[in-house]
Amino acid sequence: MTLNISTDNATTPIGTARQDQRRPMTDSASRAMACPPSGAKRAPWVVRDVTLPLPADFRLDSGERLSEPWLTVRITRSPQVADDAPLVAVAGGISAGRVVARDADASAPTAWWAEVARSGGGVDLDAVRMLSFDMLPNAGETATTITTNDQARALAAALDGLGVERLAAYIGSSYGGMVGLAFAADHGHRLGRLAVISAAHRPDATATAWRGIQRRMVRFGLDHGDPEGGLALARQLAMTTYRAASELDQRFDCTPQGAHAGDPFDVCDYLIARGEAFCKVMAAERFLTLSDSLDRHRIDPASIAVPVLLIAARTDRLVSPDAMVCLAARTKGPSRYCVIDTPYGHDAFLKEPDQMNHLLGQFLDEVLAAETPARVAAS
């Protein structure tokens, strides 16, 4: 194990050959991507969605069988990228899915990492093929207990279905980072490198306590015929754990919105809106399964032999920098740990695209440098 600990931010030069291609996205560029000229396509990606059946003998760690045993994946690349270019898996939090990069279809769901998965971004779609996927469970699933190891086995089975022997890299944030750790631990021979953002080898007790309260809120709603009400309340509580206290202090002055006890404050209006929005993209039963999966996550760091980049946020209250330092120190293979300064806490991977592009851009250069000799040898 080789441990390289550093403090990084987006303004630190990385000195890589392709640094000029991965410039931080300015506000104007971001707006241009979000609002292209009338009739213009958002991005010229070649996108392929595939639904792959899982093996007939696929069982969850709980012993349960899936009633909906399949995994839907998406492969995205730019037209100039070859069909056999390095394949990099990308996964995010429990509400993220396979729509990572913004594509040309205006009716497509919102891409959750469009400022990173783009031409010249930290996930450079002009250099690699990106594989993304919808986490289990699928709609209508009756199995209720799914672990990160189950997700990793499902991904490995999907790779078999695609005829893919190995991933050049896996980049995972939050829950997606946990699944990446499980994949590296259980299927390391099929992985070149791993980048993990705001995830560790086991959950923090305080984070588990917060999520336990959220699950009880959702269960209360289900038991009393109001699943969306319970889910909305759970999301409101979750939102208070994602950001640093200073970030909320800067945005809200906690001005009363009414004259009577029980009337909301300005910060409450924000949380209520976020809870209502969450109910449009997440079912209560799916939330219970994935929230529980976060807290069942356990990985032995010594089982991870591939090179690992670990990115922590100094203000993350769900996954502490200390937990990620511990993980970095215990991996079998070489690891590099970086901590970034941000007011966005656990949401840094979503809210700090410049810092993500900087660090992941360097990581991707390492991936490509490692893959070139392997591809030459294979040919």
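Let's start with the largest nonpolar core. It has 76 residues. Which of them touch the most other members? They are Phe133, Leu167, Tyr170 and Leu194. Keep in mind that this is a predicted model. Now, where does the largest share of this core come from? Helix 3, residues 175-187, supplies that share, with eight residues.

Take Leu167 as an example. Set aside its neighbours within four places in sequence. Leu167 is then in contact with Leu87, Ala89, Leu155 and Leu159. Leu167 also contacts Phe183, Arg190, Leu191 and Gly192.

There is a second core, separate from the one that holds Leu167. This second core has 34 residues, among them Met130, Ile197, Cys338 and Phe349. One general point fits here. In soluble globular proteins, nonpolar side chains tend to be buried together.

Next, the chain as a whole. It has 11 helices and 11 strands. There are 379 residues, and 53% of them count as buried. Look at contacts between residues at least 6 apart in sequence. Of these, 78% join residues at least 24 apart. Then the outside. The accessible surface comes to about 16,600 Å². Carbon and sulfur atoms account for 52% of that surface.

On to the empty spaces. How many cavities of 30 Å³ or more does a search of the whole structure find? One. The largest cavity holds about 30 Å³ of space. Its lining includes Trp45, Val47, Arg74, Thr76 and Arg98. Val100, Ala101, Asp103, Met130 and Ser132 line this cavity too. You have met Met130 already, as one of the residues of the second core. Two strands each supply at least two residues of the cavity lining: strand 3, at 70-77, and strand 7, at 129-133. By class, the cavity lining has five nonpolar, two polar and three charged residues.

Now the largest pocket. About 1,400 Å³ of space lies in it. It is lined by 45 residues. Which of those are the closest to its centre? Ser95, Ala96, Trp112, Arg235 and Leu350. Several helices each give at least two residues to this lining. They are helix 3, helix 4 (205-223), helix 5 (227-242), helix 7 (266-278), helix 8 (284-296) and helix 10 (348-351). Helix 5 gives the most, with five residues. So we meet helix 3 twice: it has the largest share of the largest core, and it helps to line the largest pocket. By class, the pocket lining has 23 nonpolar, 11 polar and 11 charged residues.

Two single residues to finish.

Asp134 comes up in a loop. That loop runs between strand 7 and helix 2, residues 148-162. Strand 7 is also one of the strands that line the cavity. Asp134 and Ala91 are 43 residues apart along the chain, and their C-alpha atoms are separated by 8.7 Å. Leave out neighbours within four places in sequence, and Asp134 is in contact with Leu71, Thr72, Gly97 and Arg98. Arg98 is also on the list of residues lining the cavity.

Last, Trp210. It lies in helix 4. Is Trp210 buried or partly exposed? It counts as partly exposed, because its relative accessibility is 23% and buried means under 20%. Trp210 and Leu237 are 27 residues apart in sequence, with 8.0 Å from C-alpha to C-alpha. Not counting residues up to four places away, Trp210 touches Leu237, Thr241, Arg317 and Leu318.

Key
Residues are numbered from 1 along each chain as its sequence is written. This is a predicted model: local features need pLDDT of at least 70, side-chain atom pairs count only at pLDDT 80 or more; totals for chains, interfaces and linings use all residues. Side-chain values use heavy atoms; hydrogens and water are left out. A nonpolar core is a set of buried Ala, Val, Leu, Ile, Met, Phe, Trp, Tyr and Cys residues joined through side-chain atoms within 4.5 Å. Buried means under 20% relative accessible area, exposed over 50%, partly exposed in between (1.4 Å probe, protein chains only). Helices (H or I, at least four residues) and strands (E, at least two) are DSSP runs, numbered from the N terminus. Contact means heavy atoms within 4.5 Å. Accessible areas come from the Shrake-Rupley method with a 1.4 Å probe; for residues, only the protein chains shown count as cover. On a 1 Å grid over the protein atoms alone, a cavity is a set of points where a 1.4 Å probe fits but cannot get out, and a pocket is an open set with protein on both sides within 12 Å along at least five of seven lines; lining residues have an atom within 4 Å of a point. Grid points are joined across faces, edges and corners, and a volume is the space filled by probe spheres set on the points. Ala, Val, Leu, Ile, Met, Phe, Trp, Tyr, Cys and Pro count as nonpolar, Asp, Glu, Lys and Arg as charged, and the others, Gly among them, as polar.
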